[in-house]
Amino acid sequence: MTIQRMDNVGIVVDDLEAATAFFAELGMVLEGTGQVEGDWVDLTVGLDGVRCEVAMMCTPDGHDRLELSQYHAPA
């Protein structure tokens, strides 16, 4: 079984690499990874001093996306 549709989903994980591998097994495709931090991130998530790694994944048809986030700060 593969994912058929997903709208606007973000998941915070403890292990970004393992989570990315899990969703790849379900048929999702890794679009890219990166690190986010700064005032705009703090404002968006409502926390101070955010430092976060993200992986963006999409469904095979390219329409729906999943954002996996692993926070390094704050604790």
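**Cysteines**

I began with the sulfur of C58, and in this predicted model the closest cysteine sulfur, in C52, lies 19 Å away, which is too far for a bond. The cut-off I needed for that step is 2.5 Å between the two sulfur atoms, and by this rule I count 0 disulfides. C52 is therefore in no disulfide either, since the nearest cysteine sulfur to C52 is that of C58. I then looked up how accessible the two residues are: C52 is buried, with a relative accessible area of 2%, and C58 is buried as well, at 8%.

**Overall layout**

I next noted the architecture, which comprises 2 helices and 4 strands, arranged along the sequence in the pattern β-α-β-α-β-β. The C-alpha trace spans about 40 × 20 × 15 Å along its principal axes. Of the 75 residues in the protein, 29% are buried. I also looked at how far apart in sequence the contacting residues are: among contacts between residues at least 6 apart, 53% join residues at least 24 apart.

**Nonpolar core**

Which residues form the largest nonpolar core? I find 9 of them, namely V13, L16, A19, F23, M28, A55, M57, L66 and L68. Helix 1 (16-25), strand 3 (51-58) and strand 4 (65-73) each supply at least two residues of this core, and the largest share, 3 residues, comes from helix 1. For background I wrote down that nonpolar side chains tend to be buried together in soluble globular proteins.

**Helix 1**

I then went along helix 1 residue by residue and found L16, A19, T20 and F23 buried. These residues cover an arc of only 100° around the axis, so they sit on the same side of helix 1. As a reminder to myself, an α-helix has 3.6 residues a turn, so residues three or four places apart point the same way. On the other side of helix 1, I find E17 and E25 exposed. What covers the buried residues of helix 1 includes strand 1, strand 2, strand 3 and strand 4.

**F22 and F23**

F23 deserved its own entry: with a relative accessible area of 13%, F23 is buried, and leaving aside residues up to four places away in sequence, F23 touches I11, M28, M57, L66 and L68. I also checked for aromatic pairs, and the count comes to 1. The rings of F22 and F23 have centres 5.1 Å apart and planes at 85°, so I recorded the pair as edge-to-face, the cut-off for that label being over 60 degrees. F22, in contrast to its buried partner, counts as partly exposed at 48% relative accessibility.

**Salt bridge**

How many salt bridges are there? I count 1, in which the side chains of R65 and E31 meet at 2.9 Å, N to O. The pair links distant parts of the chain, with R65 in strand 4 and E31 in strand 2 (residues 29-37), 34 residues apart. Both ends count as partly exposed, R65 at 33% relative accessibility and E31 at 42%.

**Two threonines**

I looked up T59 and placed it in the loop between strand 3 and strand 4. Is T59 buried or exposed? T59 is buried, with a relative accessible area of 1%, and apart from residues up to four places away in sequence, T59 touches I3, M28 and D64. M28 thus appears again, having been listed in the largest nonpolar core and among the residues that F23 touches.

T2 lies in the segment before strand 1 (9-12) and is partly exposed, with a relative accessible area of 43%. I also noted the separation of T2 from E25, which is 23 residues in sequence and 8.7 Å in space, C-alpha to C-alpha. E25 is one of the exposed residues I had recorded on helix 1.

**The end of the chain**

My last entry concerns the peptide bond from A73 to P74, which is cis, with omega near -5°. I set this beside the general point that most peptide bonds are trans. P74 is found in the segment after strand 4.

Terms used:
Residues are numbered from 1 along each chain as its sequence is written. This is a predicted model: local features need pLDDT of at least 70, side-chain atom pairs count only at pLDDT 80 or more; totals for chains, interfaces and linings use all residues. Side-chain values use heavy atoms; hydrogens and water are left out. A nonpolar core is a set of buried Ala, Val, Leu, Ile, Met, Phe, Trp, Tyr and Cys residues joined through side-chain atoms within 4.5 Å. Buried means under 20% relative accessible area, exposed over 50%, partly exposed in between (1.4 Å probe, protein chains only). Contact means heavy atoms within 4.5 Å. Rings of Phe, Tyr and Trp (its six-membered ring) pair if their centres lie within 6.5 Å; planes under 30 degrees apart count as stacked, over 60 as edge-to-face and the rest as tilted. A salt bridge is a side-chain nitrogen of Lys or Arg within 4 Å of a carboxyl oxygen of Asp or Glu. The arc is that of the directions from the helix axis to the C-beta atoms.
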